[in-house]
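Trainee: Please pick a single residue in this model and give me a close look at it. Then work outward to its surroundings.

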Amino acid sequence: GHQLADGFRETEPTWAMGTCASIYQPTAELKQSMINGSLASKYTFLHQDPEVMAENFYDPIQDLDPDDGKKVLACFGGE
């Protein structure tokens, strides 16, 4: 529940990956903030999209550097 979302906000992991339906994922509100809100400059949110081929899934993060404070959330099974 909310403890996990609160913990995610507090720890701000550099890399987090899992299924979108999992209770261990950040809340929908937090994910939306990573897409186009206050966290968008820090996070790249990857999710499965029928428009993106599997071999291109990780393209958006190829040039990211965690030493620059860049973080990734990868979500499988939808958004």
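Mentor: The account below starts at one loop residue and moves outward from there.

First, the ground rules. This is a predicted model, in which local features need pLDDT of at least 70, side-chain atom pairs count only at pLDDT 80 or more, and totals for chains, interfaces and linings use all residues. Residues are numbered from 1 along each chain as its sequence is written, and side-chain values use heavy atoms, leaving out hydrogens and water. pLDDT is the predictor's confidence in each residue, from 0 to 100. The protein averages 84, and 91% of the residues score at least 70. Confidence is lowest in α1, at a mean of 73. It peaks in β2, at 90.

The residue is E12. It sits in the loop between α1 (2-11) and β1 (15-19). These elements are DSSP runs, numbered from the N terminus: helices are H or I with at least four residues, strands are E with at least two. Look at the backbone of E12. Its phi is near 45°, a positive value in a residue other than glycine. Most residues other than glycine have a negative phi. E12 is partly exposed, because its relative accessible area is 26% (buried means under 20%, exposed over 50%, partly exposed in between, with a 1.4 Å probe and protein chains only).

Now the side chain. E12 forms a salt bridge with K42, and the closest N and O atoms are 3.1 Å apart. The pair links distant parts of the chain. E12 is in the loop between α1 and β1, K42 is in the loop between α2 and β2, and they are 30 residues apart. The rule behind the term is a side-chain nitrogen of Lys or Arg within 4 Å of a carboxyl oxygen of Asp or Glu. By this rule the count comes to 1 salt bridge. Side chains of opposite charge can pair when their charged atoms come close. K42 has 27% relative accessibility, so it too counts as partly exposed.

Follow the loop of K42 next. A40 is found there, between α2 and β2. At 31% relative accessibility, A40 is partly exposed. Its C-alpha lies 9.9 Å from that of K70, with the two positions 30 residues apart in sequence. G37 belongs to the loop between α2 and β2 as well. It is partly exposed, at 32%. G37 and D67 are also 30 residues apart in sequence, but their C-alpha atoms are 22 Å apart.

Step back into α2 (residues 28-36). L30, K31, S33 and M34 are its buried residues. Seen down the helix axis they fall within an arc of 155°, so they line one face. That arc is taken from the directions from the helix axis to the C-beta atoms. On the other side of α2, A28, E29 and N36 are exposed.

Go forward along the chain to β2 (43-47). It is mostly covered, with 4 of its 5 residues buried. β2 and β3 pair in the parallel sense over 5 bridges (strands pair if DSSP finds at least two bridges between them). F45 has L73 as its bridge partner in β3. T44 has V72.

The strand β1 reaches β3 too. The two run parallel and are joined by 5 bridges. The partner of G18 in β3 is C75. In β3, 5 of the 6 residues are buried, so this strand is largely enclosed by the rest of the structure.

Finish at the surface. W15, M17 and Y58 form a nonpolar patch with about 290 Å² of accessible area together. Areas come from the Shrake-Rupley method with a 1.4 Å probe; for residues, only the protein chains shown count as cover. Patches take residues with over 30% relative accessible area and no salt bridge; like charges are joined within 9 Å, nonpolar side chains (Val, Leu, Ile, Met, Phe, Trp, Tyr) within 5 Å. Y58 lies in the loop between β2 and β3 (71-76). It is partly exposed, at 33%.
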